[in-house]
Amino acid sequence: FDLDLIIRNGIVVTAADQVACDIGIKHGKISILAAGLPSLDGCQEIDADGGYITPGGVDSHVHVAQSAAKGLGARSADDWTSATRSALAGGTTTILAFAVQARGTSLADAVIDYHKKSDDFAVCDYGFHLIVTDPNEHQMHSELPKLVKEGITSMKIYMTYVDLKLNDGEILNVLVAARKYKVTTMVHCENADVIDWMTKSLQERGMTEPWHHGTSRPPIVESEATNRALALAELMDTPMLIVHVSAPEAINIIRKAQTRLLPIYAETCPHYAILDGSQMRKEGFEGAKCVCAPPLRDDPKDKERIWEGLANSTFTVFSSDHAPTCYNDEHGKQLGLIKNPTNNPRGNFKTIPNGLPGVETRTPLLWSEGVLKGRITPQKFVELNSTNAAKLYGMYPQKGTLQSGSDADLIIWRSDKNRRPYKIENSKLHHACDYTPYEDVVLEDWPRYTILRGKVVYDSETNEVMAPPGSGRFLQRGSSTLPGPRNQWLSEWRPE
Ligand code: URP
Ligand code: ZN
Ligand code: ZN
């Protein structure tokens with residue numbers, strides 16, 4: 001037996017187990033997991049020194065250089081190299097990002113455009129979700145099945161944003177196709193008309209501060225749309241993932257559907273577990289940096305509801321929703337992206353781009369605030385950080401676990417005795433965004449090494465990412481392996 005790399009003295013963690021053993025790697029894949037592997041000539045070795053080893057992170061919700069972030073009104077701070085370098089430095093070895101179909105254009109064109117932006121530039125492995133804005137017969141039943149064959153097996157749809165939103169009938173068109181071609185559907189649930197109405201009313205009253213973004217979208221805006229999306233999923237007997245869930249009211253609705261054994265999955269994000277609405281009230285320009293949709297919620301106790309949902313499996317995946325926009329232009333001038341600066345130096349919520357950067361901090365936040373603070377087990381961490389996303393998006397077991405035959409993507413953490421606090425500072429991060437909403441947050445640890453297909457690609461001693469542009473691989477994904485349609489119908493209607 002022949003190996004390229006042996007990692008010794010680690011505690012190997014999967015979604016099910018943990019075991020003290022060595023990992024033998026050959027040709028970028030895990031070849032063997034066993035205690036006391038013999039030393040081999042020419043084989044590199046790494047001493048994990050008693051630290052945990054977890055699968056490389058799979059971040060299944062990342063916006064990278066989306067065409068003018070279509071419909072969201074902002075230019076992405078990151079290109080494919082900076083976003084994926086940032087991923088590796090935070091322990092994430094796979095990302096799934098969005099190829100957007102502009103209305104009136106084809107899904108295939110969106111994918112061609114996105115390959116051009118990513119293929120020669122990515123440094124971690126990656127796949128694409130489609131964002132569907134025009135679910136007509138041809139796109140859904142001619143183009144979509146071809147893209148599924150190319151390994152693009154998931155799509156996101158929006159219930160809000162003028163340029164993106166679908167009405168209920170259009171959502172049904174998407175769900176019928178999703179069921180037929182085994183595509184995972186992700187839904188952004190917010191009630192567009194209520195947001196528009198509230199925004200107009202608030203603007204008329206001069207209530208334009210960053211925190212009025214939250215005023216315009218109280219929890220019921222999210223929970224009403226969530227309830228509607230789940231009703232449509234049940235009507236079409238289609239699995240569905242509700243993305244970036246923030247409100248306890250929406251969590252309750254999702255939990256009820258899951259208790260009824262509907263194949264409903266849910267995602268939450270670090271910012272809803274760590275931050276709250278008070279961030280939007282910070283001095284000067286700081287509030288504008290924490291505007292995202294759905295908004296950070298006002299009641300600080302809601303964060304504990306998020307942690308509860310992470311621990312009790314209501315949430316399937318923990319994703320960054322990395323959506324970075326710079327707040328200084330290239331000359332260092334503030335308010336570069338915010339219109340109307342003179343009237344409101346803090347930024348008018350209506351024109352502040354929605355979204356926060358976070359691809360690098362996602363995994364360390366979940367490890368430090370979740371596992372090391374005792375809120376979740378190491379196994380639950382692996383499930384939320386890697387395994388479930390790999391299963392839901394058709395990459396398992398190539399990605400998302402540590403077993404013989406899997407890609408050798410992993411994070412080596414420090415053992416209890418070697419652990420050291422890590423203060424998050426934007427200057428240390430590898431993205432191209434000029435802020436992090438977690439500035440000065442002190443974590444209990446940071447990934448010591450990130451390994452992608454058997455190569456050390458990040459070393460925390462030097463804080464260096466060692467992977468050349470283009471070394472990331474496009475993943476041709478299969479269909480979800482989590483429970484799917486149940487063949488239970490609400491009327492005599494059946495799909496063809
Ligand atoms: O505020 C957010 N979440 N921006 C990114 C776009 C989206 O809807 O996920
Ligand atoms: Zn969204
Ligand atoms: Zn998003």
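## Strands and model

Two strands pair if DSSP finds at least two bridges between them, and strands (E, at least two residues) and helices (H or I, at least four) are DSSP runs numbered from the N terminus. With that in hand, I157 stands opposite V187 in β10.

This is a predicted model, where local features need pLDDT of at least 70, side-chain atom pairs count only at pLDDT 80 or more, and totals for chains, interfaces and linings use all residues. Residues are numbered from 1 along each chain as written, chains are lettered from A and ligands numbered from 1 in written order, and side-chain values use heavy atoms, leaving out hydrogens and water.

## Overall build

The protein has 12 helices and 19 strands. Its radius of gyration (over C-alpha atoms) is 22 Å, close to the 23 Å that the globule rule (2.2 Å times the number of residues to the power 0.38) gives for 496 residues, so the protein is as compact as a globular protein of that length. Taken along the principal axes, the C-alpha atoms fill a box of roughly 70 × 55 × 40 Å.

Of the 496 residues, 60% count as buried (under 20% relative accessible area; exposed is over 50%, partly exposed in between, with a 1.4 Å probe and protein chains only). The protein exposes about 19,000 Å² (Shrake-Rupley, 1.4 Å probe), and carbon and sulfur atoms supply 50% of that. If you take contacts (heavy atoms within 4.5 Å) between residues at least 6 apart in sequence, 77% of them join residues at least 24 apart.

## The eight-stranded sheet

Eight strands make up an open sheet with parallel pairing, in the order β6-β7-β8-β9-β10-β11-β12-β13. β6 and β13 sit at the edges, each pairing on one side only.

Inside that run, β9 and β10 pair in the parallel sense over five bridges. β10 is mostly covered, with five of its five residues buried. Both of its faces are covered: T184, M186 and H188 are buried on one side, T185 and V187 on the other. A little further along, strand β11 (residues 240-242) runs parallel to strand β12 (residues 264-268), and three bridges join them. One partnership across that pair is L241 with Y265 in β12.

## Zinc ion (ligand 2)

Which residues hold the zinc ion (ligand 2)? K156 (NZ), H188 (ND1) and H244 (NE2) coordinate this ion, at 2.1 Å. Donors here are N, O and S atoms within 2.8 Å of the metal (3.2 Å for Na, K and Ca), and with water not among the atoms, sites may look incomplete. Along the chain, the donors follow the spacing K-x31-H-x55-H. K156 lies in strand β9 (residues 154-158) and H188 in strand β10 (residues 184-188), so the pair links distant parts of the chain, 32 residues apart. K156 and H188 are both buried.

## Zinc ion (ligand 3)

The other site in this pair is 3.9 Å away: that is the separation between the zinc ion (ligand 3) and the zinc ion (ligand 2). H61 (NE2), H63 (NE2) and D321 (OD) coordinate the zinc ion (ligand 3), at 1.9 to 2.1 Å. In sequence, these donor residues are spaced H-x1-H-x257-D. H61 lies in strand β6 (residues 57-62) and D321 in the loop between β13 (317-318) and α11 (362-371), so this pair ties together parts that are 260 residues apart in sequence.

What is the arrangement around the zinc ion (ligand 3)? Its four donor atoms subtend angles of 91 to 127°, which makes it tetrahedral (four donors, all angles between 85 and 135 degrees). H61 is buried, with a relative accessible area of 0%, and D321 is buried too, at 8%.

## Two covered helices, one loop residue

Helix α1 (residues 80-89) is mostly covered, with nine of its 10 residues buried. Among them are W80, S82 and L88. The cover over the buried residues of α1 includes β7 (92-100), α2 (107-118), β8 (125-131), β17 (449-452), β18 and β19. In α11, 10 of the 10 residues are buried, so this helix is largely enclosed by the rest of the structure. Its buried residues include R362, W367 and E369.

T462 is another story: this residue lies in the loop between β18 (455-459) and β19 (464-465), and is partly exposed, with a relative accessible area of 47%. C-alpha to C-alpha, T462 and G42 are 25 Å apart in space, and they are 420 residues apart in sequence.

Note on methods. Four donors count as tetrahedral if all angles lie between 85 and 135 degrees; four count as square planar and six as octahedral if opposite donors are over 155 degrees apart and all others between 65 and 115; anything else is irregular.
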